[in-house]
Amino acid sequence: MAQRAATLAEACRGVRTPLLAATAPGVEQATLTRRERDVALLAVALSSRSIADRLGLSVNTVNNNLARVFTKLGVRNRRELAVVLGHETVGRTPEGHRERSPLDSR
C-alpha cells in the first residue's frame, strides 16, 4: 500500500493527504490490528450489521473498528477505503458503473 501511495504522490506533486503523510519516507507506518484489518476488508462489500454477524461482534464494535481504520488510513468513507485497499477505482461502483454525482440530473 505504501508503494501505491508513493506512486500516486509522485504523479500528483504537491498534493497532501493524511494517507500520503502517513506513508511518507521516514514516517512510521500506521498499522492495523488483525481485527481492524478483518473489518476493513469486509467493509468493502458488507454492511456493519453483516460484518458484526459474521465476526460475532456488535455493530458498535464494528463501527468503532472502522472509525480507527479510517483515521489510520486517512480515509473518510468505505468508498475511499476500497480505493486505498485496491478493491475499487475512484468514481466507480463495485459493478463498474460510474458513481452518480449529486449534481447529476435525476
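Let's start with the salt bridges: this predicted model holds five of them. The idea behind them is simple, since side chains of opposite charge can pair when their charged atoms come close.

Look first at E36 and R68, whose side chains meet in a salt bridge with N and O 3.0 Å apart. E36 sits in helix α3 and R68 in helix α5, so this pair ties together parts of the chain that are 32 residues apart in sequence. E36 has another partner as well: its side chain meets that of K72 in a salt bridge, at 2.8 Å from N to O. K72 also lies in helix α5, so here the parts tied together are 36 residues apart in sequence. Put these together and you get a network of salt bridges linking E36, R68 and K72.

How buried or exposed are these three? E36 has a relative accessibility of 2%, so it counts as buried, because the cut-off for buried is under 20%. R68, at 41%, counts as partly exposed, and so does K72, at 27%.

Now find R49 and D53, another salt bridge, where the closest N and O atoms are 3.3 Å apart. Both residues belong to helix α4, and being four residues apart puts about one helical turn between them. An α-helix has 3.6 residues a turn, so residues three or four places apart point the same way. R49 is partly exposed, with a relative accessible area of 49%, while D53 counts as exposed at 54%.

Back to helix α3, which runs over residues 34-43 and has E36, V39, A40, L42 and A43 buried. Seen down the helix axis, those buried residues fall within an arc of 170°, so they line one face of α3. What do they pack against? Their partners are α4 (48-55), α5 (59-73) and α6 (78-84).

Zoom out, and the whole chain has six helices and zero strands. Of its 106 residues, 25% count as buried. The accessible surface comes to about 7400 Å², with 53% of that belonging to carbon and sulfur atoms. Among contacts with a separation of 6 or more, 38% are between residues 24 or more positions apart.

Finally, how confident is the prediction? The chain averages a pLDDT of 77, and 65% of the residues score at least 70. Confidence is highest in α4, at a mean of 97, and lowest in helix α2 (residues 18-22), at 61. Over residues 92-106 the pLDDT is below 50, and this stretch has 17 contacts in the model beyond near neighbours in sequence.

Notes
Residues are numbered from 1 along each chain as its sequence is written. This is a predicted model: local features need pLDDT of at least 70, side-chain atom pairs count only at pLDDT 80 or more; totals for chains, interfaces and linings use all residues. Side-chain values use heavy atoms; hydrogens and water are left out. Buried means under 20% relative accessible area, exposed over 50%, partly exposed in between (1.4 Å probe, protein chains only). Helices (H or I, at least four residues) and strands (E, at least two) are DSSP runs, numbered from the N terminus. The arc is that of the directions from the helix axis to the C-beta atoms. Contact means heavy atoms within 4.5 Å. Accessible areas come from the Shrake-Rupley method with a 1.4 Å probe; for residues, only the protein chains shown count as cover. pLDDT is the predictor's confidence in each residue, from 0 to 100. A salt bridge is a side-chain nitrogen of Lys or Arg within 4 Å of a carboxyl oxygen of Asp or Glu.
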